[in-house]
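Trainee: Could you take me through this structure with the chain in front of us, beginning with the surroundings of the ligand?

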Amino acid sequence: MKAIQISKNGGPEVLELKDITLDKPGADEVTIEHKAIGLNYIDTYHRSGLYPLKLPSGIGAEGAGIIKEVGSNIKEFNVGDKVSYAGIPLGAYSTHRNYPTKNIVKVPNSIDLEVAATLMTKGLTTFYLLHKTYPVKSGQTILFHAAAGGVGQIFGQWAKSLGCTVIGTVGSDEKIEKAKSYGYDHVINYNKEKFSKKVLEVTHGKGVPVVYDGVGKSTLEGSLECLSIRGMMVSFGNASGPLAEINVPKLLQPKGLYFIRPSMQHYLSTREEIDEAAKILFEKVESGKIKIQIFKKYKLENAIEAHQDLENRKILGPAIIIP
Ligand SMILES: NC(=O)c1ccc[n+]([C@@H]2O[C@H](COP(=O)([O-])OP(=O)(O)OC[C@H]3O[C@@H](n4cnc5c(N)ncnc54)[C@H](OP(=O)(O)O)[C@@H]3O)[C@@H](O)[C@H]2O)c1
């Protein structure tokens, strides 16, 4: 059995592949043999120290696999079940692990475990953003940043399935067609043009009622410029760096804007919340409304390369690690 561990924060080189021995699962845990591991931008925040961890630590927040052993309190899962999960405790970058069942769901037979490993973070995040944080309505025009990324691939298709006109931003011209293939109606290269100007053009000066911004530092002010009166800024990530303090009188007050900084645990912490979201997500995939195109598969021993690619903006869509 093997796992990637970090004993200090830093660049991708701090990811170390180690041989491990696994204890029996705890009473409320199961042992999972991973078939695929989700690669997520949040993994880089844990590795770098932006989101502090107690070290040494495992890494990785999303996986899919087969249950090999169940703890003594477990009734709802059995050996042989196909399952996936997202959330803490970290440690998904591993061949096998013990994990509490509170975040685990059974994966329908029709969904491949490699696909399932792209869904629990990126898909459930899309669910709560579009249905809970700012529930969109059919006919609305909305903005999403990093449209050709992992969350971006699912978000574009999901928002289209709800009847939205979706504007997406990307960091290079080669990503424009990719984002269009994920459902975005208008795609802007924000490294070439001022995206807020373009969004106001597309919306005939009105602006959008909501911006979903996982890019953070470099897009904050432009995102607020794109919002209409009483619009909502949903800041759900910081790929370009964390947000500094927000000047409320200058940035929010003139248009009476809402600002929210949500995380998965604010929406997906109870069994009922996770089951409701996973059911809707799996239905979207089974019905073909969301098609997953895995951009790249990395070997566990190549986790360093996976993090380098992620931070160098070379990943166009969901990527996974195969243990
Ligand atoms: N709050 C939550 O619950 C939650 C859950 C899941 C994910 N997230 C957040 O959602 C965002 C997307 O996650 P993901 O895993 O799907 O990643 P991703 O979108 O595949 O990768 C991040 C993308 O951000 C863009 N970016 C802009 N400036 C960047 C910079 N300076 N350095 C690197 N990338 C930059 C790049 O796209 P371009 O080249 O097109 O600009 C890059 O591909 C992340 O911020 C993540 O933390 C939040």
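**The ligand shell and the fold**

Mentor: The residues of the shell around the ligand divide into 13 nonpolar, 14 polar and four charged, where Ala, Val, Leu, Ile, Met, Phe, Trp, Tyr, Cys and Pro count as nonpolar, Asp, Glu, Lys and Arg as charged, and the others, Gly among them, as polar. This is a predicted model, in which local features need pLDDT of at least 70 and side-chain atom pairs count only at pLDDT 80 or more, while totals for chains, interfaces and linings use all residues. Residues are numbered from 1 along each chain as its sequence is written.

Trainee: How many residues surround the ligand?

Mentor: A residue is near a molecule or strand if its C-beta atom, placed from the backbone, lies within 6 Å of it. The closest to the ligand are Gly149, Gly150, Gly171, Gly214 and Gly237, and the residues that surround the ligand number 31.

Trainee: Which helix gives the largest share of the shell around the ligand?

Mentor: Helices (H or I, at least four residues) and strands (E, at least two) are DSSP runs, numbered from the N terminus. At least two residues of the shell come from each of α1 (41-48), α3 (122-133), α4 (150-161) and α11 (303-311). The largest share, three residues, comes from α4.

Trainee: Why does the ligand shell lie between two domains, and which are they?

Mentor: The domain bounds come from an automatic or database domain assignment. Because both domains give residues to the shell around the ligand, it lies between domain 1 (2-118 + 293-322) and domain 2 (123-264).

Trainee: In the open sheet of six strands, which strands stand at the edges?

Mentor: Two strands pair if DSSP finds at least two bridges between them. The six strands run in the order β11-β10-β9-β12-β13-β14, with parallel pairing. Each edge strand has a single partner, so one side of each is left without a neighbour in the sheet, and these strands are β11 (186-189) and β14 (258-260).

Trainee: Which residue in β12 stands opposite phenylalanine 144?

Mentor: Strand β9 (residues 141-144) pairs with strand β12 (residues 208-213) in the parallel sense over two bridges. Opposite phenylalanine 144 stands, in β12, tyrosine 212.

Trainee: And in the open sheet of three strands, which residue in β2 stands opposite lysine 2?

Mentor: That sheet has the order β2-β1-β4, with antiparallel pairing. Its edge strands, each pairing on one side only, are β2 (16-19) and β4 (57-58). Strand β1 (residues 2-6) pairs with β2 over four bridges, and opposite lysine 2 in β2 stands aspartate 19.
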